[in-house]
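Here is a quick tour of the covalent and charged links in one protein chain. Have the sequence and the 3D view open while you read.

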Amino acid sequence: MEEEGLGTFSPTTLSRQGDFNWMPDAEHADGAAAALQWMLLQSDGEQILLWPALPSAWVDVEFSLRAWHNTTVTAHCRGGLTTSLDVEPPERRRDVVFVGPTCRPTLALSQQLLHDVDKKH
């Protein structure tokens, strides 16, 4: 788009203010980053929802993100299977719930998670 005296700009990175000045707007990029994070990790009360909205075409994904209750989650999905999961503090690992059809845990990881749940009860 072009406006007299402004040259070329992108409406996705600029916001029109009330006085009709075009100002840089970080909200657009922040919205995309937040949407990506919510695709990978969400919280529901004490539960940590892993891969809640991951597209089925994304079979190789890794992340390290902050969750509620001072928790950091690091996960790796390879070939459509979650191969590793690290949760800090470790006692929050039992609150992880795999949702969505993509990146289900490997058998070994499932057994580790079941062991953590048994410790909880």
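What follows goes through the disulfide, the salt bridges and a couple of charged residues around them.

## Before you start

Keep in mind that you are looking at a predicted model. Residue numbers start from 1 along the chain as its sequence is written.

## The disulfide

Let's begin with the cysteines. The count comes to 1 disulfide, and it joins Cys77 to Cys103 with an S to S distance of 1.9 Å. Cys77 sits in strand β8 (residues 71–78), while Cys103 is in the loop between β10 (96–98) and β11 (104–105). That puts the partners 26 residues apart, so this is a link between distant parts of the chain.

Which hand does the disulfide of Cys77 and Cys103 have? The torsion about its S-S bond is about -85°, so it is left-handed. As for surroundings, Cys77 and Cys103 are both buried.

## Salt bridges: the strand pair

Searching the whole structure turns up 3 salt bridges. One of them pairs Arg78 with Glu62, and their closest N and O atoms are 2.3 Å apart. Arg78 is in strand β8 and Glu62 is in strand β7 (residues 61–67), so this pair ties together parts that lie 16 residues apart in sequence. Arg78 has a relative accessible area of 37%, which makes it partly exposed.

## Salt bridges: the network at Arg92

How are Glu46, Arg92 and Asp95 linked? They form a network of salt bridges. On one side, the side chains of Arg92 and Glu46 meet at 3.6 Å, N to O. Glu46 is in the loop between β5 (41–44) and β6 (47–50), and Arg92 is in the loop between β9 and β10. These two are 46 residues apart, and the pair links distant parts of the chain. On the other side, Arg92 meets the side chain of Asp95 at 2.8 Å, N to O.

Is each member buried or partly exposed? Glu46 counts as partly exposed because its relative accessibility is 47%. Arg92, at 6%, counts as buried, and Asp95 also counts as buried, at 11%. The cut-off behind "buried" is under 20% relative accessible area.

## Next door in sequence: Arg93

Arg93 is placed in the loop between β9 (81–88) and β10. With a relative accessibility of 16%, Arg93 counts as buried. Its side chain reaches the backbone oxygen of Leu85 at 3.1 Å.

What does Arg93 touch, if you skip residues up to four places away in sequence? The list is Leu85, Val87, Leu109, Gln112, Leu113 and Asp116.

## Asp116 on the helix

The last name on that list, Asp116, lies in helix α2 (residues 107–120). Asp116 is buried, with a relative accessible area of 16%. Setting aside neighbours within four places in sequence, Asp116 is in contact with Arg93 and Arg94.

You can also relate Asp116 to the network described above. Asp116 and Asp95 are 21 residues apart along the chain, and their C-alpha atoms are separated by 9.2 Å. Asp95, remember, is linked with Glu46 and Arg92 in that network of salt bridges.

How values were computed. This is a predicted model: local features need pLDDT of at least 70, side-chain atom pairs count only at pLDDT 80 or more; totals for chains, interfaces and linings use all residues. Side-chain values use heavy atoms; hydrogens and water are left out. A disulfide is a pair of cysteine sulfur atoms within 2.5 Å. Helices (H or I, at least four residues) and strands (E, at least two) are DSSP runs, numbered from the N terminus. Buried means under 20% relative accessible area, exposed over 50%, partly exposed in between (1.4 Å probe, protein chains only). A polar contact is a pair of N or O atoms within 3.5 Å; within protein, one must be able to donate a hydrogen and the other to accept it, and residues adjacent in sequence count only if both atoms are side-chain atoms. Contact means heavy atoms within 4.5 Å. A salt bridge is a side-chain nitrogen of Lys or Arg within 4 Å of a carboxyl oxygen of Asp or Glu.
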